[in-house]
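Visitor: I have a model open and would like to learn how to read its features. Could you walk me through it?

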Amino acid sequence: MEGPQVESPREFTDLHRTMMYAADGKSSDYVDADTGIEEFGMPALTEDPRFGLMVNDDTEASTRQDLADQLVREYGLDTIGERVKEAAGSFSEDRRAVIGREADTAQMMINGVLAMARGEAIPPYEERIRTVTGQEPVRIDPKGREVVEIRGLMRQLLERKGYSLKGNSRGKTLAQATMQWEHELGNADTSDFEAFQKDLQAGGWAYADLLKSEVLAKLDPSLAALPVDGLEYEAASKDTNNGKPINWDAFLAYTGGKNPDSSPRYSGKFRWNIDRPAPMADVKYITNHETTHAVQAVVQQWLRQQGRLGSEAAFTTMASERAILTEGLAQVAGELVSGGKLEDVIAQFGINHSLQ
Ligand SMILES: [Zn+2]
């Protein structure tokens, strides 16, 4: 597929902007990403049982070092970043910049894992930030204007709800008042497992549909056909885990790819651990946040299959610029879906206990 390139790296790194370009209906603005990195496939490292042993604290230190050496040798773990960049060498400047940064980030993360397995120090924070962002780290000043403003706003909202912070010596700190407010919200009723799970699924699907119709389809009409019904929502507890306690609160696993008949599969599962009591507002907020990520994953796979996004679609890292963008959207998606106001989010999703 031939097509013009997007000119500015900024435009290309921003998936949302990319979709907005697509929404203009000008094919010249589509990202030309038909070329994947055919020469390079990421190794199926996480499927190798030695990887699990290498990162497990219970494994003997000398064994962990041996395993690290073996995996470096067999998978070339120390050169993955370089090899990805080399494979992307013929791409346009914009795509090289994006892939290069993600390759460096991935290499940095792999180096960290190897260092831990070998009992060495992981690369310092500053070096990691520089690698991921190409910029010097910026530290938040706890006495800076923004922080002071946010604390002031929180104080106001808490006071409006009747949690006074007046009288410094005998009064509560901001943290204490916030914790008290959270405590008094009360927890979600999970006593009826089936009913809770049904609500979780209904809520997740409804939110995915809204996200599709109210945000994505407005950016690009073709996204109205996005298949989001492969997402599943499950409640979990130690009873569903062979009696063993679960050590996580909630997570989403996107498992898109291909079905055995080679048709595309857009599936994922969100799970919520009911053994950890949490306010209903948290259940809804986190379910919606993670649903946004699942829908983002569907979008990437969808665009990839249409040749509008290349191997970038599959190659993301926890610390990349893209991760920052996707987190940003997941955080504000509620406001976008319901028209931009927090009151509307509350009205629409029944998050009645918000500070607003
Ligand atoms: Zn997130």
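Visitor: Which residues of helix α5 are buried?

Guide: Gly81, Val84 and Lys85 are the buried ones in α5, which spans residues 80–87. Buried means that 20 or more other C-beta atoms lie within 10 Å of a residue's own; with 12 or fewer it is exposed, and in between partly exposed, with C-beta atoms placed from the backbone. Helices (H or I, at least four residues) and strands (E, at least two) are DSSP runs numbered from the N terminus.

Visitor: Why are they on the same side of α5?

Guide: An α-helix has 3.6 residues a turn, so residues three or four places apart point the same way. Here the three cover an arc of only 100 degrees around the axis, which puts them on the same side of α5. That arc is taken from the directions from the helix axis to the C-beta atoms. The buried residues of α5 pack against α6 (93–117). A contact is a pair of C-beta atoms, placed from the backbone, within 7 Å.

Visitor: How far should I trust this, and how are residues numbered?

Guide: The model is predicted: local features need pLDDT of at least 70, side-chain atom pairs count only at pLDDT 80 or more, and totals for chains, interfaces and linings use all residues. Residues are numbered from 1 along each chain as its sequence is written.

Visitor: Is Ala61 buried or exposed?

Guide: Ala61, in helix α4 (residues 61–75), counts as exposed because it has 11 C-beta neighbours inside 10 Å.

Visitor: What is the strand order in the open sheet?

Guide: Strands of a sheet pair through backbone hydrogen bonds, either parallel or antiparallel. In this case 3 strands form an open sheet in the order β1-β5-β2, with mixed pairing. β1 (231–236) and β2 (250–254) are the edge strands, each pairing on one side only. Pairing requires at least two DSSP bridges between two strands. β1 and β5 (residues 268–273) run parallel, joined by 6 bridges, and Tyr233 stands opposite Phe270 in β5.

Visitor: Which residues touch the most other members of the largest nonpolar core?

Guide: In soluble globular proteins, nonpolar side chains tend to be buried together. This core has 29 residues, and those touching the most other members include Leu211, Leu226 and Val298. A nonpolar core is a set of buried Ala, Val, Leu, Ile, Met, Phe, Trp, Tyr and Cys residues joined through C-beta atoms within 7 Å. Its largest share, 8 residues, comes from α11.

Conventions. Contact = placed C-beta atoms within 7 Å.
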